[in-house]
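Please look over the sequence and the three-dimensional model shown below before reading on. The paragraphs that follow lead from the interior of the protein to its pockets, and then to single residues.

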Amino acid sequence: EFRRVLFRSVRTAADNPFEVYISEKASGKSRRLSSFNTDWLKDRKLSMPEKQTYTNGKGQTIEYWVMPPPQARDGKKHPLVLEIHGGPSAMWGPGESSMWHEFQFWCGKGYGVVYCNPRGSGGYGYDFLRSNVRDWGKGPMEDVLGSLDRALAAAPWADTSRLVVTGGSYAGYLVSYLIAHDKRFKAACSQRGVYDLRTFFGEGNAWRLVPNYFGGYPWEKNVLDILERESPINYVQNITTPYLIFHGENDLRTGVIGSEQVYKSLKVLGRPVEYVRHPGATHEITRSGNNRQRIDQMLRTWEFFERF
């Protein structure tokens, strides 16, 4: 007796964030059951990610994607957002579910978006995954900037004088490290980041990242030297880029003290910085957290970037 085996699943694609589908195992055919986004999207203009690759200084292949704003053919120059992922072992792709709305939000506002999978990302094998050991800053920074440089070279619509950068968690760390070493960005935004690896070891519930990536603990002199070299707080005096920092008050993953340190340091230095601590928010503040706070974060970031 032939028995049909059906599966229900949620699908995310580059042109639709979420719909429920039913699939037949034998034939592989599927059909859409829901219209959560399909009907709404009919009258919207989306930006489709364009995949590119290049070889970095270590001989590794770096995948990156470029999303032009829908207005890219109007003959005008448009600003561009460099988006960086966290983890550091996360992996982005064209149908990126957690970032779908954020990427399309920026494109809808007339910005282009560039994002990549720098060394240390998952999905490319063990050697690639571990190639940021004892190197959270300089190497991954070179990969994301290398992606940006190549995207700009091939995008006649991009305004190289209006570049901004943002990211959360490990990417909040890398944004901070990056703007202390590179001055090309007009504004920057970090969410729920790590800024002092010693503090993070004591405060964050993801503290095992310290021994896993840096080979030991802060009380070991050879490890401490690496933690000091890799901590953005130790380069804070070099940050002059206007900087917006978000953190959730109940973020147990990375803790709030590091972001307070960066904010207070930049205030003492007289640098352009703003800090938002969302009440009750966890590490999920800009992903699956409170919707009002997520909207607030996006609108604040957009206003901040527009201002500078």
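**From the core to the pockets**

In this predicted model, the largest nonpolar core contains 57 residues, and among them Leu 82, Ile 84 and Tyr 243 touch the most other members. Helix 5, which runs through residues 170–179, supplies the largest share of this core, namely eight residues. There is also a second, separate core of 20 residues, which includes Met 67, Tyr 111, Tyr 115 and Met 298.

Met 298 leads the reader to helix 10. This helix consists of 17 residues and reaches 24 Å from its first C-alpha to its last, close to the 24 Å expected at 1.5 Å a residue. Which residues of helix 10 are buried? They are Gln 293, Gln 297, Met 298, Thr 301, Phe 304 and Phe 305. These residues cover an arc of only 140° around the axis, which means that they lie on the same side of helix 10. A general property of such helices helps the reader to follow this pattern: an α-helix has 3.6 residues a turn, so residues three or four places apart point the same way. The face of helix 10 turned away from its buried side carries the exposed residues Asn 291, Arg 292 and Ile 295.

Helix 10 also contributes to a pocket. The largest pocket has a volume of about 630 Å³, and its lining is made up of 28 residues. Nearest its centre lie Trp 100, His 101, Glu 102, Phe 105 and Met 298. Met 298 has thus appeared in three settings: as a member of the second core, as a buried residue of helix 10, and as part of the lining of the largest pocket. Several elements each supply at least two residues of this lining: strand 2 (16–24), helix 1 (38–41), helix 2 (100–108) and helix 10 (291–307). Helix 2 gives the largest share, seven residues. By chemical character, the lining of the largest pocket divides into 13 nonpolar, ten polar and five charged residues.

The second largest pocket has a volume of about 370 Å³. It is lined by 24 residues, and the closest to its centre are Gly 86, Gly 87, Ser 169, Arg 192 and His 283. Its lining divides into eleven nonpolar, eight polar and five charged residues.

Some of the residues at the centre of the second largest pocket deserve attention for their backbone geometry. As background, most residues other than glycine have a negative phi, and most peptide bonds are trans. Gly 87 is joined to Pro 88 by a cis peptide bond, with omega about 5°. Pro 88 is placed in the loop between strand 6 (78–84) and helix 2.

Ser 169 has a positive phi of about 65° although it is not a glycine. Its place is the loop between strand 8 (158–168) and helix 5, the helix that gives the largest share of the largest nonpolar core. Is Ser 169 buried or exposed? With a relative accessibility of 15%, Ser 169 counts as buried, because the cut-off for a buried residue is under 20%.

Arg 192 likewise has a positive phi, near 45°, and is a residue other than glycine. It is found in the loop between strand 9 (187–191) and helix 6 (197–203). Arg 192 is buried, with a relative accessible area of 6%.

Another arginine provides a contrast. Arg 31 lies in strand 3 (residues 30–32) and is exposed, with a relative accessible area of 54%. The C-alpha atoms of Arg 31 and Val 20 are separated by 8.7 Å, and these two residues are eleven residues apart along the chain.

Two further residues show how parts of the chain that are apart in sequence are placed in space. Val 113 lies in strand 7 and, at 0% relative accessibility, counts as buried. Val 113 and Pro 69 are 44 residues apart in sequence and 7.9 Å apart in space, C-alpha to C-alpha. Asn 117 is found in the loop between strand 7 (112–116) and helix 3 (126–129), and it also counts as buried, at 0% relative accessibility. The C-alpha atoms of Asn 117 and Met 91, which are 26 residues apart along the chain, are separated by 6.1 Å.

Conventions:
Residues are numbered from 1 along each chain as its sequence is written. This is a predicted model: local features need pLDDT of at least 70, side-chain atom pairs count only at pLDDT 80 or more; totals for chains, interfaces and linings use all residues. Side-chain values use heavy atoms; hydrogens and water are left out. On a 1 Å grid over the protein atoms alone, a cavity is a set of points where a 1.4 Å probe fits but cannot get out, and a pocket is an open set with protein on both sides within 12 Å along at least five of seven lines; lining residues have an atom within 4 Å of a point. Grid points are joined across faces, edges and corners, and a volume is the space filled by probe spheres set on the points. Helices (H or I, at least four residues) and strands (E, at least two) are DSSP runs, numbered from the N terminus. Ala, Val, Leu, Ile, Met, Phe, Trp, Tyr, Cys and Pro count as nonpolar, Asp, Glu, Lys and Arg as charged, and the others, Gly among them, as polar. A nonpolar core is a set of buried Ala, Val, Leu, Ile, Met, Phe, Trp, Tyr and Cys residues joined through side-chain atoms within 4.5 Å. Buried means under 20% relative accessible area, exposed over 50%, partly exposed in between (1.4 Å probe, protein chains only). The expected span of a helix is 1.5 Å times one less than its number of residues. The arc is that of the directions from the helix axis to the C-beta atoms.
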